[in-house]
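The following note sets out some points on nonpolar packing and on charged pairs, for consideration alongside the coordinates.

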Amino acid sequence: MSRVGKSPIAVPAGVTITVSEDNVVTVKGPKGELHQAVDQDMKIVQEGTELLVQRPTDQKRHKALHGLYRALVNNMVVGVTTGYKIEQELVGVGYRATNVGNTLDLVLGFSHHYVFELPQEIKVTTTAEKGKNPTIILESNDKQLIGQVAAKIRSLRAPEPYKGKGVKFVGEVLRRKAGKSASKK
């Protein structure tokens, strides 16, 4: 049983949280402002420096929404205070990544380039050091959006299990396969 919904959300100094009449939570902080529509059954109560998400009954649906909306609001609070950062690396000969503003240009071994126009909420930087794989660094205050964009970039050339070539997250451990020559012995 998950107890995520029961734990309070700590609201740091400099963060203001408002809940409108139609249950839209707005979180403002030093790194920006985020909005999230919350189900009408859930109640959001602020007590001092803590925020609580309360459910009306113990129905299965209400229990699921309780933990979901508590996690979403907590991600918003963390996003406007510290923000989120995802690093991806391109493993493969000739793989490159460059950016101009919020436009990302990827060369992933195909006959064409992939050109991405990223949302304004995401800041992208690329690095290409000699002897190291090119990296893409995404920064944003919206955890859902940055995760979705990172997954889309990874899906263009997912790492394959034999040589590990493709777009992978920094620190991601890939399950590797032995290959054809290993089975002949």
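1. The model under discussion is predicted. A convenient place to begin is Ile 136, whose contacts, leaving aside residues up to four places away in sequence, are Ile 86, Glu 87, Gln 88, Leu 90, Ala 97, Leu 104, Leu 106, Val 124, Thr 125, Thr 126 and Ile 153.

2. Apart from the core around Ile 136 there is another one, which comprises 19 residues. Val 11, Val 25, Val 38 and Val 77 are among its members.

3. The largest nonpolar core has 21 residues. Within it, the residues that touch the most other members are Leu 90, Leu 104, Leu 106, Ile 136, Leu 138 and Ile 153. Two or more residues are contributed by each of β7 (84-91), β9 (103-107), β12 (135-140) and α2 (143-156). Helix α2 supplies the largest share, with 6 residues. As a general remark, nonpolar side chains in soluble globular proteins tend to be buried together.

4. Turning to charged pairs, the structure contains 8 salt bridges. One of the pairs is formed by the side chains of Asp 39 and Arg 61, with an N to O distance of 3.0 Å. Asp 39 belongs to the loop between β4 (32-37) and β5 (43-47), whereas Arg 61 belongs to helix α1 (residues 60-81); the pair therefore ties together parts that are 22 residues apart in sequence.

5. The two partners may also be considered by accessibility. Asp 39 has a relative accessible area of 19% and is buried, because the cut-off for that class is under 20%. Arg 61, at 42%, counts as partly exposed. A network of salt bridges links Asp 39, Asp 41 and Arg 61.

6. A salt bridge also joins the side chains of Glu 172 and Arg 154, at 2.7 Å from N to O. Glu 172 is placed in the segment after β13 (166-169) and Arg 154 in helix α2, so this pair connects parts that are 18 residues apart in sequence. Both residues are partly exposed: Glu 172 has a relative accessibility of 22%, and Arg 154 has one of 23%.

7. Finally, the side chains of Glu 87 and Lys 85 form a salt bridge with an N to O distance of 3.7 Å. Glu 87 is partly exposed, at 31% relative accessible area, while Lys 85 counts as exposed, at 51%. Glu 87 also appears among the contacts of Ile 136.

Terms used
Residues are numbered from 1 along each chain as its sequence is written. This is a predicted model: local features need pLDDT of at least 70, side-chain atom pairs count only at pLDDT 80 or more; totals for chains, interfaces and linings use all residues. Side-chain values use heavy atoms; hydrogens and water are left out. A nonpolar core is a set of buried Ala, Val, Leu, Ile, Met, Phe, Trp, Tyr and Cys residues joined through side-chain atoms within 4.5 Å. Buried means under 20% relative accessible area, exposed over 50%, partly exposed in between (1.4 Å probe, protein chains only). Helices (H or I, at least four residues) and strands (E, at least two) are DSSP runs, numbered from the N terminus. Contact means heavy atoms within 4.5 Å. A salt bridge is a side-chain nitrogen of Lys or Arg within 4 Å of a carboxyl oxygen of Asp or Glu.
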